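Please load the model in a viewer and keep the selection panel at hand. The tour below proceeds from one selection to the next.

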Amino acid sequence: MPVNKRQTTLTAGFVCYAADESCNNFNGETMKKLFNGQKTEKLGTEKNPAVVNVQTEERVKEVASIFEEKGWKYTIGLEPDKPEDITDLEILLNPLKSKIVEKKVGRNEPCPCGSGNKYKKCCGK
């Protein structure tokens with residue numbers, strides 16, 4: 001890639017190489033910059049509080065008690081006309097679990113089927 005061109009990955013997985021701003025326009029829509037180079041803070045902290053919107057005053061108290069019990073920073077909006085949005089709370093309560101990957105059997109290790117042969121000469125064919 002020449003040095004004077006810049007590379008932009010478009011939303012549909014396409015890559016645009018251009019020296020000007022032509023990559024910012026895709027299918028007639030101006031694309032917003034997805035990565036600003038800044039590290040985002042952990043959700044529920046002082047710099048990135050959880051934001052939730054609820055419809056009733058009782059629900060405000062209920063949600064606030066959950067946040068305070070866990071020690072998370074939060075902002076609650078009371079908007080009776082809009083649907084309830086508690087996605088930040090759900091993310092904090094149900095964090096992503098790490099997947100545990102099983103170790104692969106090496107070619108020269110004994111076969112896990114118990115035959116006594118090397119894996120490459122038994123089940124690895």
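Is Glu-79 buried, partly exposed or exposed? Select Glu-79 in this predicted model: the residue has a relative accessible area of 28% and is therefore partly exposed, as the partly exposed class spans the range between under 20% (buried) and over 50% (exposed).

**The pair at Glu-79**

Add Lys-82 to the selection. Glu-79 and Lys-82 form a salt bridge, with 3.8 Å between the closest N and O atoms. Lys-82, with a relative accessible area of 48%, is partly exposed as well.

**The network at Arg-59**

Next, select Arg-59, Glu-62 and Glu-84, which are joined into one network by salt bridges that share partners. Begin with Arg-59 and Glu-62, whose side chains meet at 2.9 Å, N to O. These two residues are 3 apart in helix 1, which means that about one helical turn separates them. Glu-62 is partly exposed, at 41% relative accessibility.

Turn now to Glu-84, whose side chain forms a salt bridge with that of Arg-59 at 3.1 Å, N to O. Glu-84 belongs to the loop between strand 6 (74–78) and helix 2, whereas Arg-59 belongs to helix 1, so this salt bridge ties together parts that are 25 residues apart in sequence. Glu-84 has a relative accessibility of 36% and counts as partly exposed. A search of the whole structure gives 3 salt bridges.

**The nonpolar core**

Clear the selection and pick Ala-50, Val-52, Val-54, Val-60, Val-63, Phe-67, Trp-72, Ile-86, Leu-89 and Leu-92; these 10 residues make up the largest nonpolar core. At least two residues of this core come from each of strand 5 (50–54), helix 1 (57–70) and helix 2 (87–93).

Within this set, centre the view on Ala-50. Leaving aside residues up to four places away in sequence, Ala-50 touches Leu-43, Gly-44, Phe-67, Lys-73, Tyr-74, Thr-75, Asp-88 and Leu-92.

**The whole chain**

Finally, select the entire protein and colour by secondary structure. The protein contains 2 helices and 6 strands, arranged along the sequence as β-β-β-β-β-α-β-α. Of its 125 residues, 18% are buried. The accessible surface is about 10600 Å², and carbon and sulfur atoms account for 51% of this area. If contacts are displayed, consider those between residues at least 6 apart in sequence: 33% of them join residues at least 24 apart.

Conventions
Residues numbered from 1 in each chain as written. Predicted model: local features only at pLDDT ≥ 70, side-chain atom pairs only at ≥ 80, totals over all residues. Heavy atoms only, no water. Helix = DSSP H or I, 4+ residues; strand = E, 2+ residues; numbered from the N terminus. Buried < 20%, exposed > 50% of the residue type's maximum accessible area, 1.4 Å probe, protein only. Contact = heavy atoms within 4.5 Å. Areas by Shrake-Rupley, 256 points an atom, 1.4 Å probe, with all protein chains shown as cover. Core = buried A, V, L, I, M, F, W, Y, C linked by side-chain atoms within 4.5 Å. Salt bridge = Lys/Arg side-chain N within 4 Å of Asp/Glu carboxyl O.
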